[in-house]
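Welcome! Take a moment to look over the sequence and turn the structure around on your screen. Then read on for a short guided tour, grouped by topic.

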Amino acid sequence: MAVLPGLALLLLLACGGPPAAGQKRKEMVLSEKVNQLMEWASKRSVIRMNGDKFRRLVKAPPRNYSVIVMFTALQPHRQCVVCKQADEEYQILANSWRYSSAFTNKIFFAMVDFDEGSDVFQMLNMNSAPTFINFPAKGKPKRGDTYELQVRGFAAEQLARWVADRTDVNIRVIRPPNYAGPLMLGLLLAVVGGLVYLRGSNLDFLYNKTGWAFAALCFVLAMTSGQMWNHIRGPPYAHKNPHTGQVNYIHGSSQAQFVAETHIVLLFNGGVTLGMVLLHEAATSDMDVGKRKIMCIAGIGLVVLFFSWLLSVFRSKYHGYPYRYV
């Protein structure tokens, strides 16, 4: 009877041995994966992955870290302008993480190019680029782990807010210095200073109502077309369908827009404004009747044409809008 406790102990050790060995093996595999990713991240903030690296380091367990992956198509023959713009912002975000106190082995930034990992695109049933997906440390990606690029744009600041929401890692975006603004301001001041110097005491041009009205009109047209929204959100210039090659310049949603769309709206608003100016001049100028009639007809034509186009853009974004001009 005294042998039974010994046999029970040996049986317990035998049962507990394999699970403990398996756990130790998982820890070793996890440690190797983290060390490998840290080594790559120390050399390049965004880790380029092919199909094998993606399956081994992102999809396969064990994993105690999140991976933000940008799926893109950067090769020149793909002609994906948006991919290049998004990649620049993504690099800014990853570099801000790499060279700040937010740097940690709990999150990594990676990229899968279509020409290097087409099998990954097929595995995920992905047919558009660029696309940002967060692969969390535990479980599979949920709906919120796919970044809403068309709604939020791809500015590094917007990506940082999404990363903080999905991973609790707060990244302060640090952009490279941009000297274009100070240079343009300096050039403007130099031009104004030169004019003041050349004109001497004659500053009548500062009281030119037409010049100030034109400057104010340009500012109003720029703001009403959505330029400030572009500056804040950083949307793509346009969208090219990777399957059909069709380029869309007008976003189909009322919650987002493309940069090209704001240029189109600015042009249409400018056409309507020009038509109104011609109508005003036709009614108030001292020109002969024939020229005033021509100006009136041209003004009416511009207003009708460009306002109709504005309504068509509005109808394409607000589906079900029942009204039209012509």
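In which helix do Lys43 and Glu39 both lie, and how many residues apart are they? Both belong to helix 1 (residues 3-43), where they sit 4 residues apart, about one turn of the helix. Please keep in mind that this is a predicted model. The protein has 326 residues, of which 33% count as buried, and its chain forms 11 helices and 6 strands.

**The whole protein**

- About 20,400 Å² of the protein is exposed, and carbon and sulfur atoms supply 63% of that area.
- If you take the contacts between residues at least 6 apart in sequence, 66% of them join residues at least 24 apart.

**Salt bridges**

- The count of salt bridges comes to 10, and three of these pairs are described here.
- Lys43 and Glu39, our opening pair, form a salt bridge in which the closest N and O atoms are 3.8 Å apart.
- That distance qualifies because the cut-off for a salt bridge is within 4 Å.
- Lys43 has a relative accessible area of 65%, so this residue is exposed.
- Glu39 has a relative accessible area of 41%, so this one is partly exposed.
- Asp119 forms a salt bridge with Arg55, and here the closest N and O atoms are 3.0 Å apart.
- This second pair links distant parts of the chain: Asp119 is in helix 4 (residues 118-123) and Arg55 is in helix 2 (residues 51-59), 64 residues apart.
- Asp119 is partly exposed at 30% relative accessible area, and Arg55 is partly exposed at 32%.
- Asp145 and Arg166 meet through their side chains in a salt bridge, with 3.0 Å from N to O.
- This pair, too, links distant parts of the chain, 21 residues apart: Asp145 lies in the loop between strand 4 (131-135) and helix 5 (149-152), while Arg166 lies in helix 6 (residues 156-167).
- Is Asp145 buried or exposed? With 3% relative accessibility, Asp145 counts as buried, because buried means under 20%.
- Its partner Arg166 counts as partly exposed, at 30% relative accessibility.
- Asp52, Arg55 and Asp119 are joined into one network by salt bridges that share partners.

**Around strand 4 and the loop after it**

- Asn134 has its place in strand 4 and is buried, with a relative accessible area of 0%.
- Beyond its neighbours within four places in sequence, Asn134 is in contact with several residues, including Ser66, Val67, Ile68 and Trp162.
- Among the contacts of Asn134 you will also find Asp145 and Arg166, the two partners of a salt bridge.
- Thr146 lies in the loop between strand 4 and helix 5, and is partly exposed with a relative accessible area of 35%.
- Not counting residues up to four places away in sequence, Thr146 touches Thr131, Phe132, Ile133 and Trp162.
- Thr146 and Arg166 are 20 residues apart along the chain, and their C-alpha atoms are separated by 9.9 Å.

**Nonpolar cores**

- Which residues have the most contacts inside the largest nonpolar core? They are Phe71, Leu93, Phe109 and Phe132, in a core of 52 residues.
- Helix 3 (residues 81-98) gives the most to this core, with 8 residues.
- Leaving aside its neighbours within four places in sequence, Leu93 is in contact with Phe109, Ala156, Leu159, Ala160, Val163, Ile171 and Val173.
- There is also a second, separate core of 6 residues, which includes Val265, Val272, Phe306 and Leu310.

**Recorded regions and a surface patch**

- The unreviewed UniProt entry places the feature "transmembrane region" at residues 179-198, 210-229, 264-282 and 294-314.
- In the model, residues 264-282 are 100% helix and 0% strand, with their end C-alpha atoms 27 Å apart.
- Residues 294-314 are likewise 100% helix and 0% strand, and their end C-alpha atoms lie 30 Å apart.
- On the surface, Leu185, Leu188, Leu189 and Val192 form a nonpolar patch that together has about 380 Å² of accessible area.
- Val192 is found in helix 7 (residues 180-199) and counts as partly exposed, at 41% relative accessibility.

Notes. Residues are numbered from 1 along each chain as its sequence is written. This is a predicted model: local features need pLDDT of at least 70, side-chain atom pairs count only at pLDDT 80 or more; totals for chains, interfaces and linings use all residues. Side-chain values use heavy atoms; hydrogens and water are left out. Helices (H or I, at least four residues) and strands (E, at least two) are DSSP runs, numbered from the N terminus. Buried means under 20% relative accessible area, exposed over 50%, partly exposed in between (1.4 Å probe, protein chains only). A nonpolar core is a set of buried Ala, Val, Leu, Ile, Met, Phe, Trp, Tyr and Cys residues joined through side-chain atoms within 4.5 Å. Contact means heavy atoms within 4.5 Å. UniProt positions are given in the numbering used here, feature names are shortened, and annotations may be inferred rather than shown by experiment. Patches are made of residues with over 30% relative accessible area and no salt bridge: like charges are joined within 9 Å, nonpolar side chains (Val, Leu, Ile, Met, Phe, Trp, Tyr) within 5 Å. Accessible areas come from the Shrake-Rupley method with a 1.4 Å probe; for residues, only the protein chains shown count as cover.
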